[in-house]
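Student: I have a model open on my screen and would like a close look at one part of it. Could you pick a helix and walk me through how it sits against its surroundings?

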Amino acid sequence: MILRVLRARVIPGEEARLERFVRDEAIATALQVQGLLSFQPAVRSTKAGLELVLVSTWTDFDDIAALGRSLDAPLAMLGASPMLTDGHAEHYELVIGEARAMPLRAAKLRLTRLPIKPNVEAAYYDAVREWADSLLDQAGLVAFSLGGRVVGRQDDIVAAMIWQDEAAL
């Protein structure tokens, strides 16, 4: 399975239209995308403007490629393409994917990306799996996905954590 993280800048003036699209159309559209298992859109303000972060999980890379679109397009929400610019996606092998419930409005998405020292990957994944299970059961963590890929001679990981609200962080 694939964990995909897309970042794109929202074109100035398109913020309200993108919000309406996510609220009114994105889920129905995503249900029709072959191989898409889950997606979580989030936005944040940056110095360059509003940024969309779209975390999604896919059955495999073949389903992503079969869409015939740029790998830097918002594949889980293709209808958002005209509202976005400067998209860039990263793809990881999904190592851990757990969820208890999905939030609606107050949820917070936190992404962490870091390299892992060689030869400690298995121990790291075991420790993170135990940590995530305990937080999912009691501390406001709603969903947790961890993906890994090899960059050079070491593993690079990304963790996507969805918390029920700001207080749970």
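Tutor: Happy to! Let's take helix α1 and begin with what lies over its buried residues: the cover includes β1 (2–10), β2 (36–46) and β4 (84–99). The buried residues themselves are Leu18, Phe21, Ala26 and Ala30. Keep in mind that this is a predicted model. The mean pLDDT of the chain is 89, with 96% of its residues at 70 or more. Confidence is highest in β1, at 95, and lowest in helix α3 (residues 121–138), at a mean of 84.

Now trace the helix itself. α1 covers residues 15–30 and has a kink of about 45°, centred on valine 22.

Next, turn to the sheet. Its seven strands are arranged in the order β2-β3-β1-β4-β6-β7-β5, forming an open sheet with antiparallel pairing. At the edges are β2 and β5 (108–116), each of which pairs on one side only. On average, neighbouring strands in this sheet are turned by 30° against each other, direction ignored. Against this sheet packs α1, which touches β1, β2, β3 (49–58) and β4. The direction of α1 makes about 170° with that of β2.

Of the strands that α1 touches, β1 is a good one to follow further. Seven of the nine residues of β1 are buried, so this strand is largely enclosed by the rest of the structure. As a general reminder, strands of a sheet pair through backbone hydrogen bonds, in either a parallel or an antiparallel way. With β3, strand β1 pairs in the antiparallel sense over eight bridges. To find your place there, look for alanine 8, which stands opposite leucine 52 in β3. Eight bridges also join β1 to β4, and these two strands run antiparallel. Here a handy landmark is arginine 7, standing opposite histidine 88 in β4.

From β4 you can step onward to β6 (residues 141–151): six bridges join the two strands, which run antiparallel. Look for glycine 97, which stands opposite serine 145 in β6.

To put the picture back together, return to α1. This helix, kinked around valine 22, packs on the sheet, and its buried residues, among them Phe21, have β1, β2 and β4 as part of their cover. Of those strands, β2 lies at an edge of the sheet, while β1 pairs with β3 and with β4.

Notes: Residues numbered from 1 in each chain as written. Predicted model: local features only at pLDDT ≥ 70, side-chain atom pairs only at ≥ 80, totals over all residues. Heavy atoms only, no water. Bend = angle between axes of the 7 residues up to and from the residue. Helix = DSSP H or I, 4+ residues; strand = E, 2+ residues; numbered from the N terminus. Buried < 20%, exposed > 50% of the residue type's maximum accessible area, 1.4 Å probe, protein only. Contact = heavy atoms within 4.5 Å. pLDDT = per-residue confidence, 0-100. Pairing = 2+ DSSP bridges. Axes fitted to C-alpha atoms, helices over the stretch in contact; angles between N-to-C directions.
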